[in-house]
Each structure stands twice: as C-alpha cells, then as structure tokens.
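Q: Please take one part of this model and look at it closely. Which residues surround it, and how does it sit within the rest of the chain?

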Amino acid sequence: AGEVVTWGHDDYGGDSSAVADRLAAGVSSIMAIGLGFAAFKESGEVVTWGEFVHGSDSSEFADRLAGVVSSVLGNGVAFVALKEAGEVVTWGDPSFGGDSSE
C-alpha cells in the first residue's frame with residue numbers, strides 16, 4: 001500500500017490537497033471516473049476527490065461509508081461501494097446511479 005500523488009487540472013482531480021492527509025499512506029487501489037477519483041485504503045476507508053457532481057465528494061455519505069468497505073466501482077459519473085456487511089452505498093450523478101435511495 002502506498003501514498004497518492006496527484007497533478008493536473010484542479011477541478012478534475014489534479015488537486016487532492018483537501019484529502020492529502022488521508023492519502024499519505026495505506027492506499028491499496030484507486031478508481032477513476034470521468035472527473036473524480038476514489039482511493040480504497042487497506043483499512044477499508046474510501047477517500048474521494050475531484051469534480052463535485054461526478055462522485056468526487058462523498059462527504060454527504062461519510063456516515064454510511066464509515067466502517068469497512070469491501071470494494072468500490074465507478075461508471076463514469078458515479079460510484080458504488082459494497083460494505084463488508086453487505087450494504088451498498090452510492091454517490092455521484094443521480095441520473096446515472098449516484099442515488100440509490102429510491
């Protein structure tokens with residue numbers, strides 16, 4: 001596991017300074033979608049950054065993402081996380097799967 005270093009346009013994930021402390025160690029994989037990124041950590045934590053609308057801000061779902069996440073997938077404009085207990089959490093563009101509340 002390691003550290004994440006980003007570069008490029010700020011709005012499209014090139015600036016991860018808001019979450020840099022959480023990306024400094026323990027990252028096992030990264031999922032990229034159109035304008036956002038999700039880092040999956042060894043601890044089961046998910047860290048997101050990039051363009052707000054396209055899944056890069058998971059802060060609204062932080063309470064549901066707390067605990068151990070088993071996997072994360074993206075479709076271009078939204079993310080889905082499968083938690084260890086079997087719960088599914090989605091975020092991103094609601095028109096493309098980012099809102100599974102209904």
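A: Start with one term: a residue is buried under 20% relative accessible area, exposed over 50%, and partly exposed in between (1.4 Å probe, protein chains only). G55 is buried, because its relative accessible area is 0%. This is a predicted model, where local features need pLDDT of at least 70 and side-chain atom pairs pLDDT 80 or more, while totals for chains, interfaces and linings use all residues. Residues are numbered from 1 along each chain as its sequence is written, and side-chain values use heavy atoms, without hydrogens or water.

Where is G55? It is found in the loop between strand β3 (46-50) and helix α1 (62-65). Helices (H or I, at least four residues) and strands (E, at least two) are DSSP runs, numbered from the N terminus.

Now its surroundings. G55 touches I33, T48, V77, F79, W91 and G92. That list leaves out residues up to four places away in sequence. Touching, or contact, means heavy atoms within 4.5 Å. Take V77 from the list. G55 and V77 are 22 residues apart along the chain. Yet their C-alpha atoms are separated by 6.2 Å.

T48 is another neighbour of G55. T48 lies in strand β3. T48 counts as buried because its relative accessible area is 9%. Its contacts, leaving aside neighbours within four places in sequence, are V19, F37, A38, G55, S56, D57, S58 and W91. So which residue of that group also makes a polar contact with the side chain of T48? The partner is S58, side chain to side chain, at 2.9 Å. A polar contact is a pair of N or O atoms within 3.5 Å; within protein, one must be able to donate a hydrogen and the other to accept it, and residues adjacent in sequence count only if both atoms are side-chain atoms. W91 touches both G55 and T48.

F37 is also on the contact list of T48. It leads to the aromatic pairs, and there are two of them. Phe, Tyr and Trp rings (for Trp, the six-membered ring) pair with centres within 6.5 Å; planes under 30 degrees apart are stacked, over 60 edge-to-face, the rest tilted. F37 and W49 are a stacked pair. Their centres are 5.4 Å apart, with 15° between the planes. F37 lies in strand β2 (residues 36-41) and W49 in strand β3, so this pair ties together parts 12 residues apart in sequence. Are the two partners buried or exposed? F37 is partly exposed, at 24% relative accessible area. W49 counts as buried, at 5%.

Follow W49 one step on. It is in contact with T6. T6 sits in the segment before β1. T6 is partly exposed, at 22% relative accessibility. Besides W49, and leaving aside neighbours within four places in sequence, T6 touches G13, G14, D15 and S16. Two of these also make close polar links. A polar atom of the T6 side chain lies 3.1 Å from the backbone oxygen of G14. The side chains of T6 and S16 are joined by a polar contact of 2.8 Å. T6 and A20 are 14 residues apart along the chain, and their C-alpha atoms are separated by 9.4 Å.

Now the frame around these residues. The chain has one helix and six strands. From the N terminus, the order is β-β-β-α-β-β-β. The strands form sheets, and two strands pair if DSSP finds at least two bridges between them.

One open sheet has three strands in the order β1-β2-β3, with antiparallel pairing. β1 (27-33) and β3 stand at its edges with a single partner strand each, so one side of each has no neighbour in the sheet. Six bridges join β1 to β2. One bridge pairs V27 with K41 in β2.

Another open sheet of three strands runs β4-β5-β6, again with antiparallel pairing. Its edge strands are β4 (69-74) and β6 (88-92), each pairing on one side only. Five bridges join β4 to β5 (residues 78-83). Among the partners, V72 is matched with A81 in β5.

Last, the whole chain. Its C-alpha trace spans about 35 × 30 × 20 Å along the principal axes. Of the 102 residues, 37% count as buried. Among contacts with a separation of 6 or more, 36% are between residues 24 or more positions apart.
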